[in-house]
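User: I'm new to reading protein models and could use some help with this one. Can we go through it bit by bit?

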Amino acid sequence: MPGPSPGGSPERDAGAGGRPRGPGRGRRVRFRLPHTAIALPSVREEERLFYRRLEALAAPGPGGFGPLFAADGWSDLTGEPRGRAGPGVPGLPGRLSGSPPPAEDRLLRKRVVRDGQGGPRPRPGQEVSVKVLGALEDGGLVERDPRLSFVPGHGDVVQALELGVPTMQPGEVSFFLAAFPYGYGRPGREPDVPPEAPLLFEVTLLEVRDGPDPQRLPPAARLRLGSQRRERGNFHFARGDFAAALRSYRLALRALDGPAAAPPGPQEEEELREQRVKCLNNCAAAELKLQRAGEALAACEAALRISPDNGRALLRRGQLLAQQGRDAEAALVLRRALELDPGSKVIHTELSRLAKRLSPPARAAPEEPRHGPMPPPSPGAPAAPAAEGAA
C-alpha cells in the first residue's frame, strides 16, 4: 500500500466549532427588567439606502445580476489583456493569487456611486479602511462591516476588494459586481453564501494610511497579527488556493520575525517560537501542493532549526528525503521522529518501506548440474585448453 503524502494539512489552533451567524438577520435582545424588550432592526438606514441604489440598478429577483455583467455604465477591472495595468492603477495585476481567469473575463466590474475627495489612491503596502455592504442576487445581505481595515495584496479579503479598493479615492463610494472567482469561489461561505454565488458590494473608502510595521509592534500585537495571517492562510489552503495560502503564511512569518519594539518576555518568546514553527510547517505543506519539493524541504529544515524535535517537520523532512532517494538520511530522520512518537503508524510505514529499499537483494543459490559427471577423455583425444589467466 502506498505511503501517505508528505503534504498534509496546515496546522490550526483548536477552538470552538460553532457556525457563524450571517449578518443582517433580525435579533431580539431582552433585559432582565420588568416589561423591557428592545428589538434590533434587521435593516438599518444605510441598508435602506443600499437597497434603493440596488433597485435603481436592477431589481433583485430571479433575473439576478446577469444583466449587470453586460450593462453599460460599468468599468471592467479584469477586462484588459493580461500584463497591462488596471484602470487608473499602474501595474495592477490581473489577479493576486491562484490560477488567473481568462484575461478578458469581465467578471469584476465597478460603478462609481459618489466621487471621492480627490486624494491619492492607495499605494502598494498602504492600509485602507472601508465600509462594506454586500448582497446576493436575491437581495440577501451577507456582508456588513462599518469599518474593515486591510492591506490590499495581503490576501485578507475577497478578490473583489483586493482589486477594487486600490482603484478608489478617499471618500469615494462604488459598487463592485463580482462573479464567484472574485467572491467566495466555488465553495461559497457557509452558512450564508451559496456555492458559485455572484455578489454586489457597495464600498466606501474611509481612510488610507501607511501599513503597520510589524517590527515596531509590541510582542503581543505581533503574535495577534501573525496568528490572524496564519489563520487566513489556513482559510485559503482549505479552499485549494495554495498560492494565496503560502503568501499569507509568509506574511505571518514577517510579522513574527525580527526585532520588536520591546523585548518579549519568556512566555511571549516561547509563543513567538511556536508560531514560527507552525507557519514554516504550513509553508512546507503549501509548497508541496504547488509541487515545489525543494522549497518544502527548506521550510522543514528552517522549522527544525527552531525546534529540532518538532514531529511534523521531522516526518515531512524524512518523507521528502526519501522521495529524493536520500534513503540513509531519511532513515535517520524518521528514526528520530519515531523516538518522539513511538505509536505513529505513518512513521512505521515509512521506515518499513525504507528498510526494504536499503536491504541488499538476496543472492540466488547456485544451480545443480542437470547431467551426470562427464566421462574421462579417451586416450587419443586432445587435451582441453587452460582457463584464461590461469598460471
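**A walk through the model**

User: Let's start with strand 7. Which residues sit on its two faces, and are they buried or exposed?

Analyst: Keep in mind that we're looking at a predicted model. On one side of strand 7 you have Val-173, Phe-175 and Leu-177, and on the other Ser-174, Phe-176 and Ala-178. Both faces are covered, and the residues on them are all buried.

User: How many residues of strand 7 are buried?

Analyst: Strand 7 covers residues 173-178 and is mostly covered. A residue counts as buried when its relative accessible area is under 20%. For strand 7, the tally is 6 of 6.

User: Which strands does strand 7 pair with?

Analyst: Take strand 4 (residues 108-114) to begin with: 6 bridges join it to strand 7, and the two run antiparallel. Strand 8 (residues 199-210) is also joined to strand 7 by 6 bridges, again antiparallel. So the names you want, because at least two bridges make a pair, are strand 4 and strand 8.

User: What are the bridge partners in strand 7 of Leu-108 and Arg-114?

Analyst: Strand 4 spans residues 108-114 and runs antiparallel to strand 7. Leu-108 has Ala-178 as its bridge partner. For Arg-114, the partner is Val-173.

User: And in strand 8, which residue is the bridge partner of Phe-176?

Analyst: Strand 8 takes in residues 199-210 and is joined to strand 7 by 6 bridges. The partner of Phe-176 there is Phe-201.

User: Strand 3 and strand 4 pair up too. Over how many bridges?

Analyst: Strand 3 is residues 75-76, and it pairs with strand 4 in the antiparallel sense. One link to look for is Ser-75, whose bridge partner in strand 4 is Lys-110. The number of bridges is 2.

User: Now the largest pocket. Which element gives the most to its lining?

Analyst: The largest pocket has a volume of about 620 Å³. Of its 27 lining residues, the closest to the centre are Leu-148, Ser-149, Phe-150, Asp-156 and Val-157. Strand 5 (126-135), strand 6 (141-150) and helix 3 (219-238) are the elements giving two or more residues. With 7 residues, the one that gives the most is strand 6.

User: How many residues of each class are in that lining?

Analyst: Sort the lining of the largest pocket by class and you get three groups. They come to 15 nonpolar, 3 polar and 9 charged residues.

User: What about the largest nonpolar core: which helix gives the most?

Analyst: This core has 40 residues, and among those touching the most other members are Phe-237, Tyr-249 and Ile-347. Several helices each supply at least two residues, including helix 3, helix 4 and helix 9 (345-358). The one that gives the most, with 9 residues, is helix 5.

User: Which residues is Ile-347 in contact with?

Analyst: Leave aside its neighbours within four places in sequence. What remains is Leu-315, Leu-334, Ala-337, Leu-338 and Asp-341.

User: Last stop: is His-236 buried or exposed?

Analyst: You'll find His-236 in helix 3. Not counting residues up to four places away in sequence, it touches Gly-155, Asp-241, Ala-244, Ala-245 and Ser-248. Its relative accessible area is 8%, so His-236 is buried.

User: And how does Ala-243 count, with its 31% relative accessibility?

Analyst: Ala-243 lies in helix 4 (residues 242-256). Anything between the 20% and 50% cut-offs is in the middle class. At 31%, Ala-243 therefore counts as partly exposed.

Technical notes: Residues are numbered from 1 along each chain as its sequence is written. This is a predicted model: local features need pLDDT of at least 70, side-chain atom pairs count only at pLDDT 80 or more; totals for chains, interfaces and linings use all residues. Side-chain values use heavy atoms; hydrogens and water are left out. Helices (H or I, at least four residues) and strands (E, at least two) are DSSP runs, numbered from the N terminus. Buried means under 20% relative accessible area, exposed over 50%, partly exposed in between (1.4 Å probe, protein chains only). On a 1 Å grid over the protein atoms alone, a cavity is a set of points where a 1.4 Å probe fits but cannot get out, and a pocket is an open set with protein on both sides within 12 Å along at least five of seven lines; lining residues have an atom within 4 Å of a point. Grid points are joined across faces, edges and corners, and a volume is the space filled by probe spheres set on the points. Ala, Val, Leu, Ile, Met, Phe, Trp, Tyr, Cys and Pro count as nonpolar, Asp, Glu, Lys and Arg as charged, and the others, Gly among them, as polar. A nonpolar core is a set of buried Ala, Val, Leu, Ile, Met, Phe, Trp, Tyr and Cys residues joined through side-chain atoms within 4.5 Å. Contact means heavy atoms within 4.5 Å.
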